[in-house]
Amino acid sequence: MTTVSPARDLPLRVKLGMYFRLFALQGSWNYETLNGTGVGFAIEPALRLLPGGLNGQQYRAALARESRYFNAHPYLAGVAVGALTLDGVEASRIERFRTALAGPLGSVGDRLVWASWLPFCSLVAIGVYGAGGTALAVVGTFLLLYNAGHFLLRAWGLRIGLSRGLNVASALGNPVLRQGPVYIGRAAALVGGVALPLALQRIVGPGRVLVGGIIVAAFIGIVLLALLRERAEGWRIALGVLAVFVLYSVLT
Amino acid sequence: MSLLEVLPIALLGALLGLDVVSFPQAMISRPIVAATAAGAFIGNPPGGLLIGVVLEMIALDTLPFGASRYPEWGSAGVVGGALFASQPGGMPGALPACLLAALLTASISGWSMVMLRRMIAGRLARTRDQLEAGSRDALLLLHLSGMSLDLLRGALVTIVAMAIFAPLVRAIVAVWGSESAASHAVVVVIAAIVAGGALWKVFHSVRHVLWFFAAGLLVWSALLITR
C-alpha cells in the first residue's frame with residue numbers, strides 16, 4: 001500500500017505557495033494531459049513535506065501521479081489541489097478520486113465563471129462606458145469586479161480542498177455554485193438591456209440620424225443569429241461582413 | 001511605426017497574450033482592457049477604449065470552454081487598440097479597418113495558441129519517462145518553458161500583426177469611400193448583433209431571462225427620456 005501526502009496542517013508559506021502557483025496552473029496546458037502537469041506544479045510545495053523530502057520516494061511517486069491527466073476549470077482546480085494533499089490515502093483511491101472530480105469541477109466552473117461571471121462583468125464595464133465613464137473607470141470597474149470573484153473563488157477552492165480532503169463532493173453543492181449562474185444570468189440580462197444600447201449610442205455619437213435604422217437592423221440580426229444558435233459563430237460572421245464592407249468601401 | 005515604437009506594444013501584447021491561458025487569467029487580456037491599455041501606450045486611451053468596447057461586444061460570443069479553439073483577444077486587443085489610437089481623429093475608415101485587423105489578429109493568434117499547446121504536448125512526450133519517475137526538474141522545466149513560449153508567442157503575433165496591419169490600415173483609411181456616419185453605423189450594427197446573439201446563446205436556458213433583458217431596455221428607455 002502506497003500512502004501519499006504530508007500533514008494536513010500545512011505551514012502558511014506552503015499554502016500561499018500553492019495559492020500563487022494556482023494562477024499559473026495552465027502554464028503547460030496541452031492536449032494530452034490538459035491541466036495535469038499544472039496540478040503537479042501547484043501541489044508540489046506541499047509534497048516536499050512528505051517523509052524523505054525532495055529526494056524521497058514518496059515525493060517522487062506523488063509528483064508523478066499528480067502530474068498525470070486531469071481536467072478542471074482553472075479557478076476551481078484548487079479544490080483538487082487542496083484535497084490531494086492528504087495523509088495516508090491509498091494511491092488507487094486517489095486515482096479514482098481524480099477521475100471522479102475532474103468532470104464536476106470543469107462543468108461547474110465553466111457555467112459559473114465563463115458563462116456567467118465573465119459576461120456579467122463585461123456588460124457592467126460596457127455599461128460604465130455607455131454612461132460616459134472614462135477609460136480608467138471602465139477598465140478599473142471591470143478588473144476590480146471580475147477579480148474580486150476570481151481571487152475569492154481560487155482561495156475558496158483551495159481552502160475547501162485542504163479542509164475537506166476527499167469529501168469535497170458536498171462542497172460542490174454550495175448554493176453559489178449551483179444557483180449562482182441562474183442569478184448572475186438574470187442580472188447580466190438586466191444589465192445587458194441597459195448597457196448595450198447605451199454603449200452603442202455613445203459609439204454612434206450624438207445627433208446621428210441613423211439610430212432608428214441601427215436599432216431595426218440590429219434587432220433583425222440578433223433574431224437571425226439567435227435562430228441559428230450553435231450553428232453559427234457570431235464573431236466569424238462579423239469578420240466576414242466587415243471584410244466585405246471594407247473591400248466595398250475601398251473599391252468604391 | 002518604427003521598431004522602437006512597436007517594441008513596447010509587442011511587450012504589452014506578450015503580457016496580455018500570456019494572461020489568456022497561462023498566467024494569471026485575471027482577464028487583463030479582455031479586449032476592453034487590452035485595447036485601452038494599448039491606446040494609453042500610444043497616448044490616446046479614449047481611442048483604445050472605443051475599439052475595445054466594440055471588440056468586447058464581439059468577444060462575448062466566444063467563451064473559452066474546454067479544449068475548443070477560440071480567438072485570442074489579448075494580443076488582438078493590443079493590436080486593434082494601438083492601430084486605432086494612432087489614427088488621426090475623424091477618419092471614417094479608421095474604426096472598420098482597425099476592427100478588421102484586430103479580428104484577423106484574434107483568429108491567427110488563436111491558431112498560434114493551438115500550435116503552442118501541441119508543441120508542449122510534444123515536449124511532454126519527450127520527457128514522459130522523467131515525469132513518470134517524479135522528476136521535479138522535468139516538471140518545472142516543462143511548465144516554465146510553456147509559459148515562456150506563450151509569452152514569446154504573444155510578442156511575435158503582436159509584432160507580425162503590427163508590421164502587416166499598420167501600413168495596410170493606413171492605406172485603407174486613405175482611400176476609404178464610405179461616409180463617416182455609415183461607417184460607424186455598420187460597425188455598431190455588427191457589434192450589436194454579435195453581442196445580442198451571444199447573450200441569447202449564453203443565457204437562453206435561464207428562466208425568465210427575456211423579461212430581465214426587457215426590463216433593462218425599459219430602464220434604458222427611461223434614461224433616454226429623462227436625459
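Student: What percentage of the 252 residues in chain A is buried?
Tutor: This is a predicted model, so the count rests on predicted positions. A residue is buried if 20 or more other C-beta atoms lie within 10 Å of its own. In chain A, with its 252 residues, the buried share is 50%.

Student: And which share of the 227 residues of chain B counts as buried?
Tutor: The cut-off is again 20 or more other C-beta atoms within 10 Å. Chain B has 227 residues, and the share that counts as buried is 57%.

Student: How many helices and strands are in chain A, and in what order do they run?
Tutor: Chain A holds nine helices and two strands. Start at the N terminus: a strand leads, and four helices follow it. Then comes the other strand, ahead of the remaining helices. The full order is β-α-α-α-α-β-α-α-α-α-α.

Student: What pattern does chain B follow along the sequence?
Tutor: Chain B has zero strands. Its helices number nine. The pattern is therefore built from helices, which are DSSP runs of H or I. Read along the sequence, it is α-α-α-α-α-α-α-α-α.

Student: What radius of gyration does chain A have, set against a compact globule of 252 residues?
Tutor: The C-alpha trace of chain A spans about 75 × 35 × 30 Å along its principal axes. A compact globule of 252 residues would have a radius of gyration near 18 Å. Chain A has 24 Å.

Student: How far apart are the centres of domain 1 and domain 2 of chain A?
Tutor: The domain assignment puts residues 3-208 in domain 1. Domain 2 takes 209-252. Taken over C-alpha atoms, the centres are separated by 35 Å.

Student: Which element gives the most residues to the side of chain A that touches chain B?
Tutor: Across the interface, 79 residues of chain A are in contact with 86 residues of chain B. Elements of chain A that give two or more residues to this side include α5 (91-130), α6 (135-164) and α7 (175-204). The top contribution is 17 residues, and it comes from α7(A).

Student: How do the residues on the side of chain A that touches chain B divide into nonpolar, polar and charged?
Tutor: This side belongs to the contact of 79 residues of chain A with 86 of chain B. Eight of its residues are charged and 18 are polar. The nonpolar residues number 53.

Student: Among contacts in chain B between residues at least 6 apart in sequence, what percentage joins residues at least 24 apart?
Tutor: Chain A offers a reference: with a separation of 6 or more, 76% of its contacts are between residues 24 or more positions apart. For chain B, the value is 78%.

Terms used. Residues are numbered from 1 along each chain as its sequence is written. Chains are lettered from A and ligands numbered from 1 in the order in which they are written. This is a predicted model: local features need pLDDT of at least 70, side-chain atom pairs count only at pLDDT 80 or more; totals for chains, interfaces and linings use all residues. The radius of gyration is taken over C-alpha atoms; the globule rule is 2.2 Å times the number of residues to the power 0.38. A residue is buried if 20 or more other C-beta atoms lie within 10 Å of its own, exposed if 12 or fewer, and partly exposed in between; C-beta atoms are placed from the backbone. Two residues are in contact if their C-beta atoms, placed from the backbone, lie within 7 Å. Domain bounds come from an automatic or database domain assignment. Ala, Val, Leu, Ile, Met, Phe, Trp, Tyr, Cys and Pro count as nonpolar, Asp, Glu, Lys and Arg as charged, and the others, Gly among them, as polar.
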